[in-house]
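Hello,

Here is the structure I promised to send over. Have a look at it first, and my notes on what turned up follow below.

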Number of protein chains: 2
Amino acid sequence: MDIKSYMDKIGRQARAASRSMARADTAAKNRALEAISKAIEREADSLVEANAKDLEGAKARNLDAAMIDRLTLSRKSIASMSEGLLQIASLADPVGEISDLKYRPTGIQVGRMRVPLGVIGIIYEARPNVTADAAGLCLKSGNAAILRGGSEALHCNQAIARLVHEGLRAAGLPEAAVQVVETADRAAVGELITMKDHVDVIVPRGGKGLIERISREATIPVIKHLHGVCHVYIDDDADHVKALKVADNAKTQRYGTCNTMETLLVAAGIAESILPPLCAIYVEKGVELRGDEAARKIFPKMNEATEEDWKTEYLAPILSIRVVGGLDEAMDHIALYGSQHTDAIVTEDYSKARRFLREVDSSSVMVNASTRFADGFEYGLGAEIGISTDKLHARGPVGLEGLTSQKFIVLGDGQVRT
Amino acid sequence: MDIKSYMDKIGRQARAASRSMARADTAAKNRALEAISKAIEREADSLVEANAKDLEGAKARNLDAAMIDRLTLSRKSIASMSEGLLQIASLADPVGEISDLKYRPTGIQVGRMRVPLGVIGIIYEARPNVTADAAGLCLKSGNAAILRGGSEALHCNQAIARLVHEGLRAAGLPEAAVQVVETADRAAVGELITMKDHVDVIVPRGGKGLIERISREATIPVIKHLHGVCHVYIDDDADHVKALKVADNAKTQRYGTCNTMETLLVAAGIAESILPPLCAIYVEKGVELRGDEAARKIFPKMNEATEEDWKTEYLAPILSIRVVGGLDEAMDHIALYGSQHTDAIVTEDYSKARRFLREVDSSSVMVNASTRFADGFEYGLGAEIGISTDKLHARGPVGLEGLTSQKFIVLGDGQVRT
């Protein structure tokens, strides 16, 4: 297969479909989402079958257990894919929303209208549920999608794509609105991330290696999530009970997620009273602690933290702990070592809370709440296509709104400029 | 000079200054703007002197008349630079603005806070007034700026930079918040647009060649304005008087601006009645007309338009004219040949106006108004750093808000995720 012309054709079809999708009415988009949801429920058996083929292939290729876990499509995950699409249908349509429409002294009215981005390329690994989720989000936000899943999930992704097409047809929308790249050739990714004329934005979902490679090579804007080195800072003026709850939950509720705390910062004035009970909780839960000198003096059952620890996203039951002089030292540490993902302060002091919220430059900044809340569902976005650690366009969880932008609209009665 | 380490030093200083600027209070930023404005007024003589040196150099290098015109700093342009800074001071501070703060079922409050982008690199040619304008906009929006003007304006840019630094000092803000690159070596641009760790966004201002080169080579996001192939579509249901006024003004009010109409589309049903009087106006004003066959049948004093004409931004008294079947054909033409900058419909038909507004995918879409209105001042943004023809982040005129983005903030009372 000539990958270049294959991808070019996909790109052209997506661009054409994106014009229909941009003007598709809300009812048609919801009908498609509901039809896809139903088809997925109906075809649960054949999806499990397709997935079995992928799993066989994965075992033959000796893929690791974590990969096989992500690749596995259970009855439960099929039901939640189907349910997720209905949830997307129930969300308000962001497309066409007009805001800030105001009269200007010249008599024209100027406002903003929310519009789709156009064609979105999504590159992901393993998890076949991304195929349905991403298709649903792009569809509802009036975009066309080109989906490039991992070669290990090809059978399953193709089976889901067929059901997506069935739903689009049922609603009178173009099938090319959602296309799955049907080749395992990696050159297809190289084409996808450089087809400037056909693709408006790339959303990579997967490990840091994949995302770094794509950001390096893409000539199209990328909405990306790099990594989460998240902090909780327990201030001198923290409430003890809240500090214990938040710091415990931020680390131990789940170890492998990007919004899990990796470094705990504790003000010197509260370290002696808070660290012993808090560290006891961590130790009991099997969390390995790595502290600076001051922390180890207070709680000796701790390994020594190195410079490398402050920069590390463990994604594991390991926590680095540092005692700091106060708010400024804590914010300096976060600015130097953090990844601008999610950082929280625990304090009862109004002015310090206000400064932390303003000055910490992360996609989510919290007061007296667990970093684990940084999530599209928890934020009320309804669903998320990913979390952005970029500063332009969208920061933090990216939902339907992040797949749109705003154009200006001007209404007049024949006004001209003088 | 070792350009790499020189630029690296500038980048580090900018990054450090950006943290101070992000937390600078509104009063301090306004004090700086007012002090710079005053200093520019006071030093008008020395600015004219510095400009004279640049002009001498430009003449020695045989730069063309248009370039020398853009380079020239008159008393009037100095006064308007000074006045522009006061206008920026009078705008509301976008930084820290909180919106959509809502309680979630978990008890946390989730909202968004507007924050600076960080460090903004601005690359421009000739016009020394950009130095003061861009510095003012970046300062007010809480960003640090690295300004790289053309080598032909170096004396003048450095003189303005000294006054900017004086104003920053007077307000207790770091001088490194606005740095002017003081080398004519083009390698400095190459460094600036690839210093990912130190620079968050690049705004190029200048000719298409400059902008294309920078977008191609930058590894940092670019907010760019490529070109404006703007259309006015006169619908069958247009009011004749409005159509004449809008189509005249859109073309002839100024020829060299990006929001000037380059192609006129006319519905077949109104062409016979509107083209003769309209074309007479153009001919009287010295506009060269290039039409398709149908247009030339109605108004024979027209050259033949070629395929190339539909794609061309003339920036000159030339207009291409095409007769179309109706709204759909007009929108197809705009989608195929337009540059997604600014497009207008003239119609009294409610449903066609509504469709045009929704379906035309340009940064500004207008009904019964001249395309010449697409401008930050006309839109009430107060000032603009440029016009974006990109789809991500900001579309159309980019003012203070376009130099910021929104982070999530979460307020709680010790809530944790379950």
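Let me start with Glu401(B), which sits in the loop between strand 15 (396-398) and strand 16 (404-415) of chain B; helices (H or I, at least four residues) and strands (E, at least two) are DSSP runs, numbered from the N terminus. Glu401(B) counts as partly exposed because it has 15 C-beta neighbours inside 10 Å (20 or more other C-beta atoms within 10 Å would make a residue buried, 12 or fewer exposed, with C-beta atoms placed from the backbone). Its C-alpha is 8.9 Å from that of Pro116(B), although 285 residues separate Glu401(B) and Pro116(B) in sequence.

A quick word on conventions: this is a predicted model, where local features need pLDDT of at least 70, side-chain atom pairs count only at pLDDT 80 or more, and totals for chains, interfaces and linings use all residues. Residues are numbered from 1 along each chain as its sequence is written, while chains are lettered from A and ligands numbered from 1 in the order in which they are written.

Now to where the chains meet. Chain A and chain B each bring 60 residues to the contact (C-beta atoms, placed from the backbone, within 7 Å). On the side of chain A that touches chain B, strand 16 of chain A gives the most, with 11 residues. Strand 16 of chain A also pairs with strand 13 (residues 364-369) of chain B, in the parallel sense over 5 bridges (pairing takes at least two DSSP bridges). Within that pairing, Ile409(A) has Val365(B) as its bridge partner.

As for confidence, the complex has an ipTM of 0.93 and a pTM of 0.92 from the predictor.

Best wishes

Methods
Contact = placed C-beta atoms within 7 Å.
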